[in-house]
Each structure stands twice: as C-alpha cells, then as structure tokens.
2 protein chains.
Amino acid sequence: MSFPSYSSPQSISIGHLAKRTGCKPETIRYYEQIGLLGEAKRTEGGQRRYSEATVQRLTFIRHARDFGFSIEAVRELLNMVDSPLTDCQQIDAIAKHHLREVESRIQRLEALREELQRMVTQCSGGSVESCRIIEVLSNHRLCQHQEVHGGASDLR
Amino acid sequence: MSFPSYSSPQSISIGHLAKRTGCKPETIRYYEQIGLLGEAKRTEGGQRRYSEATVQRLTFIRHARDFGFSIEAVRELLNMVDSPLTDCQQIDAIAKHHLREVESRIQRLEALREELQRMVTQCSGGSVESCRIIEVLSNHRLCQHQEVHGGASDLR
DNA sequence: TTAAGACCTATAGTAGCTAGAGGTTCAAGG
DNA sequence: CCTTGAACCTCTAGCTACTATAGGTCTTAA
C-alpha cells in the first residue's frame with residue numbers, strides 16, 4: 001500500500017490538516033522536524049500547504065500512535081509502507097513485538113493493582129503511626145508480588 | 001511514623017547508600033535537587049555523608065516509586081509521614097486515587113491488546129498491499145474498541 | 001606517597017510532544 | 001484597495017524522572 005495523491009486540492013493548510021487528522025499543528029510541525037512527514041510545500045509567504053496524500057499518511061501515524069506504537073516503530077512501519085517490496089512478515093513482527101510488550105505491561109500492572117488493593121483494604125483509619133499503607137511502603141517484605149519491585153514506575 | 005535516627009554510623013557515602021537502597025548515586029543527587037531528600041551533610045572535601053535515617057527515607061521513596069506513585073505523590077506521602085498530625089485518610093485517598101489510575105490503565109491496555117491480537121491473527125502473509133495490519137492502521141473503522149482512539153500512546 | 005576509584009558540579013540528553021514569545025501572512029469584509 | 005484578526009511562522013523552553021557525559025577533586029588502601 002502507498003498513499004495515493006489524488007488530483008485534488010493540494011492546498012490544505014496546517015490548521016485544516018490538524019482538524020482532519022485530530023493532531024495539533026505543533027505536532028504536525030514536530031513530525032516534520034523528526035522526519036515522519038516530509039518537508040511540506042510552502043506558499044510564497046512561507047506557510048505550509050499539504051495534499052490529500054499527507055492527510056492519509058498523518059492519519060496512519062496518528063492511528064499507529066493511538067495503538068501505542070512508539071515513534072520509532074511508526075517510522076519503521078512507514079518505511080515499509082513506502083517500499084513496495086516489503087514482506088508482510090516484517091510488519092507482522094513489529095505488531096507482534098508490540099503485542100508482547102502490551103501483554104507484559106498488563107501483567108505487571110495487575111500485580112501492582114493487587115498490591116494496592118491489599119494495601120488500601122488493610123488501612124483501617126487512624127493516625128500515620130499505624131497506617132498500613134505507610135508500613136507497606138516502608139517495608140519490602142510485606143509485599144507479595146516480586147513483580148512490583150524494580151519497576152512499576154516505568155508503567156506510569 | 002517517622003524515620004528514627006539511630007545512634008549509628010552517620011557516615012554513609014553516596015555509593016553505599018546507593019547499594020543499600022537500589023538507587024544510583026545520580027538518582028540520589030537528583031532527589032536531593034528536587035527536594036525529596038534534604039541537603040546531605042558533607043565531609044571537609046565536600047562529599048555527601050548520610051545517616052541511617054536517610055537509608056529509611058530513601059527506601060520508602062524507592063518503594064513508593066516501584067509501586068508507580070509519581071514523584072509528586074511521593075512528595076505528598078513524605079510530607080504526611082513527616083507531620084505526626086496527619087490523618088490516615090489522606091494517605092488512603094492518595095493510594096486509592098493511584099489504584100483507580102492503575103485500573104483504568106489496565107482497562108485501556110486490555111482493549112489495546114484485543115485490537116492488536118485481532119490485527120495480528122488476521123494478517124495472513126503476503127505483500128504490503130494486502131497487509132491487514134497496515135489496513136487497520138490506515139482505517140479507523142476497522143477498529144472495534146473506541147478506547148483505543150485518542151489514546152494508548154500515553155500508556156507507553 | 002601514590003594511584004585507583006569514588007566522588008563532585010554542570011550540562012545535555014531521553015520520549016513525545018506542548019506552550020509561549022514575538023513577529024509575519026492570509027483572507028474576508030468594508 | 002485597505003484593514004483587521006485569525007492563523008501561521010520560528011525559536012526556545014518546559015514537561016517526567018531520571019541517565020549520561022565531561023572534566024575535575026577527594027578519599028583510602030597499599
């Protein structure tokens with residue numbers, strides 16, 4: 001698949017492109033800057049003007065980002081889309097890799113959820129001295145899931 | 001609860017503190033810089049020296065971070081721990097808020113996982129032109145979960 | 001005394017944007 | 001044709017939570 005350039009109005013402003021794709025203009029300029037989008041044509045006054053092809057490309061980018069693909073993964077996917085020789089398996093590999101990452105994040109978050117639930121249900125009210133939550137946070141041994149240690153912080 | 005300062009060796013170097021808490025020295029200096037840890041005592045030559053109380057405090061911080069609490073949440077928790085008047089309910093509220101966030105992240109990731117699974121299982125091999133993954137990423141309507149749109153990218 | 005290793009500060013980099021300042025261009029209405 | 005206001009431009013800094021580097025200093029054991 002490649003993005004067709006219809007013989008249609010090649011004069012979409014950055015604001016209109018933004019509205020049609022759900023991006024902000026700043027984000028579009030940023031994508032150009034990091035090379036996800038090529039350099040746009042410009043008016044004599046220097047403003048960017050886009051074609052329908054860019055609407056398609058940006059829609060793809062936004063959608064892939066919504067799916068949680070990293071910018072670098074999106075860049076790879078776009079490179080594949082841009083070259084007609086690409087074998088579908090390469091794309092499949094990226095998607096599967098991403099799927100595995102999502103699955104592992106879910107697992108770790110579930111362990112975290114259980115610990116938090118235990119923590120919260122055991123808190124019976126009172127002053128800080130006897131707070132179960134503080135106690136658990138102060139003492140690793142009160143934890144049941146090893147998964148929690150050494151890293152839920154990168155799960156945000 | 002407060003962190004007791006035992007009458008023990010008040011001369012722990014940043015490297016030893018790091019090893020005992022599982023932090024890196026850079027991180028410890030960073031925590032000092034942003035005010036999670038107070039300014040450390042220094043040797044005549046200017047190197048930081050810590051007490052057992054700091055080991056406890058940093059252990060608490062690391063553990064809370066492992067639980068996915070943000071730095072700002074940790075700061076709040078520490079403020080509460082530092083003031084003996086704090087009611088346990090305030091701490092409970094922070095923990096519950098965090099729990100709800102974790103739960104919502106799990107939900108969104110599960111929707112994402114299902115979409116990715118559908119995507120991957122439908123990819124039957126072949127060239128880019130007919131790749132189901134690319135097709136789905138190009139076209140919102142092929143998606144079943146609304147949750148995916150407008151945001152899994154902040155789930156990392 | 002010397003040399004290795006740990007430490008110091010300051011700065012920049014990571015991801016993926018977002019926000020602001022301060023100035024220019026475009027397009028519609030009069 | 002002229003004005004006006006919205007949209008656009010570039011450049012820079014900010015966000016989270018660190019991590020990494022450079023270039024220099026201190027400590028400590030042999």
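**View 1. Tyr31(B) and the aromatic pairs of the predicted model.** At 3% relative accessibility, Tyr31(B) counts as buried, where buried means under 20% relative accessible area, exposed over 50% and partly exposed in between, computed with a 1.4 Å probe on the protein chains only. Tyr30(B), with a relative accessible area of 42%, is by contrast partly exposed. Rings of Phe, Tyr and Trp (for Trp, its six-membered ring) pair if their centres lie within 6.5 Å, and planes under 30 degrees apart count as stacked, over 60 as edge-to-face and the rest as tilted. By this rule there are 2 aromatic pairs over all chains. In one of them, the ring centres of Tyr30(A) and Tyr31(A) are 6.0 Å apart with the planes at 45 degrees, so the pair is tilted. Of these residues, Tyr30(A) is partly exposed at 41% relative accessibility, whereas Tyr31(A), at 3%, is buried. The rings of Tyr30(B) and Tyr31(B) likewise have centres 6.0 Å apart and planes at 45 degrees, and this pair is therefore tilted.

This is a predicted model, in which local features need pLDDT of at least 70 and side-chain atom pairs count only at pLDDT 80 or more, while totals for chains, interfaces and linings use all residues. Residues are numbered from 1 along each chain as its sequence is written, chains are lettered from A and ligands numbered from 1 in the order in which they are written, and side-chain values use heavy atoms, with hydrogens and water left out.

**View 2. The surface near DNA strand C.** A residue is near a strand if one of its heavy atoms lies within 4 Å of it. Of the 20 residues around DNA strand C, those that come nearest are Thr27(A), Arg65(A), Gly15(B), Arg29(B) and Arg48(B). Sugar and phosphate make up 88% of the atoms of DNA strand C that come within 4 Å of the protein. Polar contacts are pairs of N or O atoms within 3.5 Å; one of them places a polar side-chain atom of Arg29(B) 2.2 Å from a phosphate oxygen of DNA strand C. A side-chain N or O atom of Tyr31(A), the residue buried in View 1, lies 2.9 Å from a phosphate oxygen of this strand. For the side chain of Thr43(A), the distance to a phosphate oxygen of DNA strand C is 2.9 Å. Two or more residues of this surface come from each of α2 (25-33) and α3 (52-66) of chain A and α1 (14-21) of chain B, the helices being DSSP runs of H or I with at least four residues, and strands E runs of at least two, numbered from the N terminus.

**View 3. The surface near DNA strand D.** Among the 19 residues around DNA strand D, Gly15(A), Arg29(A), Arg48(A), Thr27(B) and Arg65(B) come nearest. A polar side-chain atom of Arg65(B) lies 2.6 Å from a phosphate oxygen of DNA strand D, and a backbone N or O atom of Arg48(A) lies 2.8 Å from a phosphate oxygen of the strand. The largest share of this surface, 3 residues, comes from α2(B).

**View 4. The sheet of chain A.** In chain A, 3 strands form an open antiparallel sheet in the order β1-β3-β2, two strands being paired if DSSP finds at least two bridges between them. Strands β1 (12-13) and β2 (41-42) stand at the edges, each with a single partner strand, so one side of each is left without a neighbour in the sheet.

Note on methods: A polar contact is a pair of N or O atoms within 3.5 Å; within protein, one must be able to donate a hydrogen and the other to accept it, and residues adjacent in sequence count only if both atoms are side-chain atoms.
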